[in-house]
Amino acid sequence: MTRLRRLTLTNGLRVLLAPAPFAPAVAVAVHYDVGFRSEPEGRSGFAHLFEHLMFQGSARYPKLEHWSYVQGLGGTANGSTHQDYTDYYQLVPERGLAGVLAMEADRMGFPLITDENLRNQRAVVKEEVGLNILNRAYGGFPWIPLPALLYRSYANTHNGYGEFTDLDRATVDEARDFHATYYAPSNAVLSIAGAFDEAAVAALVENLFGGLPARPKPDPALLSEPPPVNPRHGDWADVHASRPALALGHQLPDPARQLNAYVAWMTVCELLTGGPTAPLEQRLVRDTGLAVRVTAGCGLFDSLDARAPDTLALVVTHHDHAEQDALLAVIDEEIERLTDPSTAASRLPVATGRLSARVSRRNADLMARTRALGACELLHGRAAVVDELPSITAEVTAQAVADAAGELLTGARAVLRLLPGRSAAGADGTTQKAALT
């Protein structure tokens with residue numbers, strides 16, 4: 001665990017410095033507090049579209065210069081859009097740190113938002129949707145249709161890639177307004193980790209970012225909604241899928257307020273599906289041959305990767321002959337076994353050991369750890385969770401697991417069937433919501 005130093009500039013930019021003298025490089029990540037759950041109705045896909053626009057140059061750096069600079073150093077750079085944040089990140093040798101910080105500061109303040117860039121990137125996004133969703137088996141499953149079934153508000157249910165009709169209506173003025181609203185220094189976290197001189201980098205950050213004008217932090221997206229009272233069932237069609245699938249969704253505890261409970265739910269997922277001897281893998285895949293794959297995890301993209309409400313998703317890809325009721329019966333039987341603390345205790349050391357090792361391996365990757373620090377600081381107010389998570393996981397008790405399993409059994413869930421061989425989207429790229437049944 002390395003020491004974290006926090007700075008807050010006068011314009012509101014939060015800065016995390018995590019020096020690691022023996023690291024082979026330096027990682028830089030900028031997290032903005034805007035994801036696809038921040039999008040207003042009628043502007044679906046805007047957060048992801050804007051992520052693309054941020055790579056189209058800025059006042060001092062023409063298009064592609066950022067890429068060329070980083071790649072010329074042998075480094076890597078990219079960006080990604082999530083439910084509640086958008087991040088931009090790069091890994092470079094220490095000699096490249098000043099350059100990438102200058103480029104991040106310039107596009108934070110002065111990105112090139114033009115008609116040409118908007119048209120080009122709208123086309124790129126549509127191509128990405130076609131590649132990843134419309135023309136790909138199980139594309140977007142379950143992260144697009146499962147929330148649409150489990151939740152009710154527009155923020156929580158709409159397709160984060162966006163409907164093509166919404167993308168086509170986007171204008172340059174709207175893009176500039178989006179930047180002015182959400183890409184304010186006060187709405188961002190800058191994280192730097194690796195081999196660097198702490199005092200020198202703190203001064204460099206102040207020099208490059210401190211002069212950016214302060215702007216108000218936007219109002220947070222309204223995400224809160226109660227869990228469902230009754231089970232919700234729906235179907236999702238996929239013309240490219242070769243086999244049916246079943247996805248179960250449950251609302252997770254809020255990690256900002258109930259971190260230990262959240263980690264217990266993570267542990268339940270590991271106990272059910274982690275490794276070849278896990279009970280659902282054993283019963284559904286190996287013993288009965290009903291399924292070809294079973295997975296479970298907290299978060300639609302990753303654990304601790306979103307604010308509440310977020311979703312535990314359990315997904316079974318199965319053979320045509322497997323009946324939904326039979327699959328659900330096996331799943332519920334194994335969850336019920338875990339409500340007995342003695343059963344949970346007998347399996348717990350292996351599961352918590354695997355989870356702790358996985359988190360520790362993630363933290364050993366400089367870029368992954370830097371991105372996790374920024375995300376946890378932005379979403380949950382505590383970057384330190386990243387370094388604390390292995391020990392928190394190792395200390396999960398059998399009673400905590402039993403309590404989590406009990407909540408899974410008694411709480412209402414979403415049950416989503418993927419039906420193969422049918423069209424999941426129209427030719428214009430509009431994606432259907434999971435049909436309630």
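Start by selecting β9, because that strand gives the most to the lining of the largest pocket, with 5 residues. Keep in mind as you look around that this is a predicted model.

**Stop one: the largest pocket**

With β9 (291-298) highlighted, add α4 (115-134), α10 (259-273), β10 (311-318) and α13 (341-364); each of these five elements supplies at least two residues of the lining. The space they help to line has a volume of about 940 Å³.

Now show side chains. Which residues lie nearest the centre of the largest pocket? Pick out Thr295, Ala296, Gly297, Gly299 and Phe301, which hold that place among the 34 lining residues. If you colour the lining by class, you should find 18 nonpolar, 10 polar and 6 charged residues.

**Stop two: the second largest pocket**

Next, move to the second largest pocket, whose volume is about 600 Å³. To bring up its surroundings, select α1 (46-53), β4 (76-81), α4, α14 (366-380) and α15 (385-394), the elements that give two or more residues to its lining. Leave α14 in a colour of its own: the largest share of this lining, 5 residues, comes from that helix.

Then zoom to the centre of the second largest pocket, where Ser80, His82, Tyr85, Asp305 and Arg371 lie nearest, out of 32 lining residues. How does this lining divide by class? Colour it and you will get 14 nonpolar, 12 polar and 6 charged residues.

**Last stop: α4**

Finish by returning to α4. This helix supplies at least two residues of the lining of the largest pocket, and it also gives two or more to the lining of the second largest pocket.

Key
Residues numbered from 1 in each chain as written. Predicted model: local features only at pLDDT ≥ 70, side-chain atom pairs only at ≥ 80, totals over all residues. Heavy atoms only, no water. 1 Å grid on protein atoms, 1.4 Å probe; cavity = no way out; pocket = protein on both sides within 12 Å on 5 of 7 lines; lining within 4 Å. Points joined across faces, edges and corners; volume = space filled by probe spheres on them. Helix = DSSP H or I, 4+ residues; strand = E, 2+ residues; numbered from the N terminus. Nonpolar A, V, L, I, M, F, W, Y, C, P; charged D, E, K, R; others polar.
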